[in-house]
Amino acid sequence: MPERLFVCTPSKLGAFADCPRRYRYSYVDRPTPPKGPPWAHNSLGASVHTALKNWYALPADRRRPEALATLLKGTWVREGYRDDEQERAAYRRALGWLEAYVETLEADSDPLGVERVVAVKTAVLAFNGRADRIDSRPGPEGPELVIVDYKTGRSGLDTDDARGSQALALYAYAAERVFRRPCRRVELHHLPTGTVAGHDHTVESLARQLTRAEETARDIMAAERAVADGADADEAFPVAPSPRCGWCDFRRHCPTGAQVPGKEPWAAVDRHADG
C-alpha cells in the first residue's frame, strides 16, 4: 500500500517545527485541551487582513482611503484587549496603517488572488494554504506571480525573514502549479512601518524548502504512528522550551510551559505601541 499523504497547512507544519508538544495538543490529542484566552494581537491582525480583503472586494472606483474606516469597523475583532482604551488606540493605529498602505496600491489594479487558497500534492504532502495576496507582475519572459503576505506584528523584518519563510515558499511552489506561471518572488508587507521585505527564490531554493516540509511531515507521521503503536505520547512529541512558551495557547496544560510566566493576552499590543 502506498503511504498516505500528509495533509497540511503552513501553520500545521510550523506548529511541529516550533514545538512537537504544541503540535500534539493542537492536532493529536482528543479532546483538544482548552486554549487560553484570545490574544489581542491576533484580533488586530485578523481585523486588518479582513479589511484589506474587503478593500479589494469593492469596485475599483470605490477603493478610496475614506472607505477604510467603515471596512475596519465592519471587520474589527474585539477579543483580548486589556480595556476599551487600549482597543480604541489599537483601532486608530490600525486605521492609520491601512490608510498609509493603500496609498501605495493602484486602486484600479486587481491582484490575481486575494485570500486565495492554493494547493499541491507531492510524494509526501497534500498541501493547502491561503495566501493573503497573489500579484501578477511583468517579468522578462511574461507575467510572473508574486506572493504577498501582510504583517502587523514585530518590526525589523528583512530579506532573511522572506527568504527563510517556509510558508511563503510553499505558497509560491503551489501557486506556480495552480496558475501555470512562474512564481519565485515572495514579499512580507509590514503595515506598521510601511516596509517590504522581499526575496527572489530559485527553482533550487523552493525545492529545498519543499524538502524541509516533507521531512517535517515524515517526522510527524512517525510520531503519530509511534503513539498509535503504544509509545509514550510525551516522548513521541517532546517539548521544545523557548521564549514562545509564554505565548503558547496550551501553556497551562504543559508541565514545562506552566513553569514559564504567561504573557497577558494584550501584551504584544502594548509592546507594539511602545515600539
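This briefing covers helix packing, nonpolar cores and backbone geometry in one structure. The model is predicted. Its largest nonpolar core has 39 residues, and a second, separate core has 28. Three helix pairs are described below, followed by a cis peptide bond and two residues with positive phi, Glu115 and Arg180.

**Nonpolar cores**

- The largest nonpolar core holds 39 residues, and Phe6, Leu125, Ile134, Ile147 and Ala175 touch the most other members.
- Eight elements each supply at least two residues of this core: β1 (6-8), α1 (10-18), β2 (113-121), β3 (125-139), β4 (142-151), α7, β5 (183-190) and α8.
- Helix α7 gives the most, with 9 residues.
- Ile147 has contacts beyond four places in sequence with Arg133, Ile134, Leu168, Tyr171, Ala172, Ala175, Cys183, Arg185, Val186 and Glu187.
- A separate core of 28 residues includes Ala40, Ala67, Tyr81 and Val102.

**Helices α7 and α8**

- Two packed helices are described by the angle between their axes and the distance between the axes.
- Helix α7 spans residues 166-179 and helix α8 spans residues 203-228.
- Their axes come within 9 Å and cross at roughly 110°.
- That angle makes α7 roughly perpendicular to α8, because 65 to 115 degrees counts as roughly perpendicular.
- The crossing of α7 and α8 is left-handed.
- On the α7 side, Gln166, Ala169, Leu170, Ala172 and Tyr173 make the contact.
- On the α8 side, Leu206, Gln209, Leu210, Arg212 and Ala213 do so.
- By class, this contact has 7 nonpolar, 2 polar and 1 charged residues.

**Helices α4 and α5**

- Helix α4 (residues 68-75) packs on helix α5 (residues 84-102) at an angle of about 130°, with the axes 10 Å apart.
- That makes α4 oblique to α5.
- The crossing of α4 and α5 is right-handed.
- Leu68, Ala69, Leu72 and Lys73 form the α4 side of the contact.
- Facing them in α5 are Tyr91, Ala94, Leu95, Leu98, Glu99 and Val102.
- The contact of α4 with α5 has 8 nonpolar and 2 charged residues, and no polar ones.
- Val102 is also listed in the second nonpolar core.

**Helices α1 and α2**

- The axes of α1 and α2 are 5 Å apart, and the packing angle is about 135°.
- The two helices are therefore oblique to each other.
- Ser11, Lys12, Gly14, Ala15, Phe16 and Asp18 of α1 meet Pro20, Arg22, Tyr23 and Tyr27 of α2.
- This contact divides into 5 nonpolar, 2 polar and 3 charged residues.
- Pro10, Lys12, Leu13, Ala15 and Phe16 are the buried residues of α1.
- The cover over these buried α1 residues includes β1, α2 (20-28), β3, α7 and α8.

**Helix α9 and Ala236**

- Ala236 sits in helix α9, which runs over residues 233-236.
- What makes Ala236 count as buried? Its relative accessibility is 19%, and the cut-off for buried is under 20%.
- Ala236 touches Ala223 and Val227, leaving out residues up to four places away in sequence.
- Between Ala236 and Pro20 there are 8.3 Å, C-alpha to C-alpha, although they are 216 residues apart in sequence.

**Backbone geometry**

- Most residues other than glycine have a negative phi, and most peptide bonds are trans.
- Which residues does a cis peptide bond join? The pair is Arg30 and Pro31, with omega about 0°.
- Pro31 is in the loop between α2 and α3 (40-57).
- Glu115 is not a glycine, yet its phi is positive, near 50°.
- Glu115 belongs to strand β2.
- With a relative accessible area of 17%, Glu115 is buried.
- Arg180 also has a positive phi, near 55°, in a residue other than glycine.
- Arg180 is located in the loop between α7 and β5.
- Is Arg180 buried or exposed? At 76% relative accessibility, Arg180 counts as exposed.

Note on methods. Residues are numbered from 1 along each chain as its sequence is written. This is a predicted model: local features need pLDDT of at least 70, side-chain atom pairs count only at pLDDT 80 or more; totals for chains, interfaces and linings use all residues. Side-chain values use heavy atoms; hydrogens and water are left out. Axes are lines fitted to C-alpha atoms, for helices over the stretch in contact, and angles run from 0 to 180 degrees between N-to-C directions. Helices (H or I, at least four residues) and strands (E, at least two) are DSSP runs, numbered from the N terminus. Angles under 35 degrees count as roughly parallel, over 145 as roughly antiparallel, 65 to 115 as roughly perpendicular and the rest as oblique. A crossing is left-handed if the near helix is turned anticlockwise from the far one by less than a right angle, and right-handed if clockwise. Contact means heavy atoms within 4.5 Å. Ala, Val, Leu, Ile, Met, Phe, Trp, Tyr, Cys and Pro count as nonpolar, Asp, Glu, Lys and Arg as charged, and the others, Gly among them, as polar. A nonpolar core is a set of buried Ala, Val, Leu, Ile, Met, Phe, Trp, Tyr and Cys residues joined through side-chain atoms within 4.5 Å. Buried means under 20% relative accessible area, exposed over 50%, partly exposed in between (1.4 Å probe, protein chains only).
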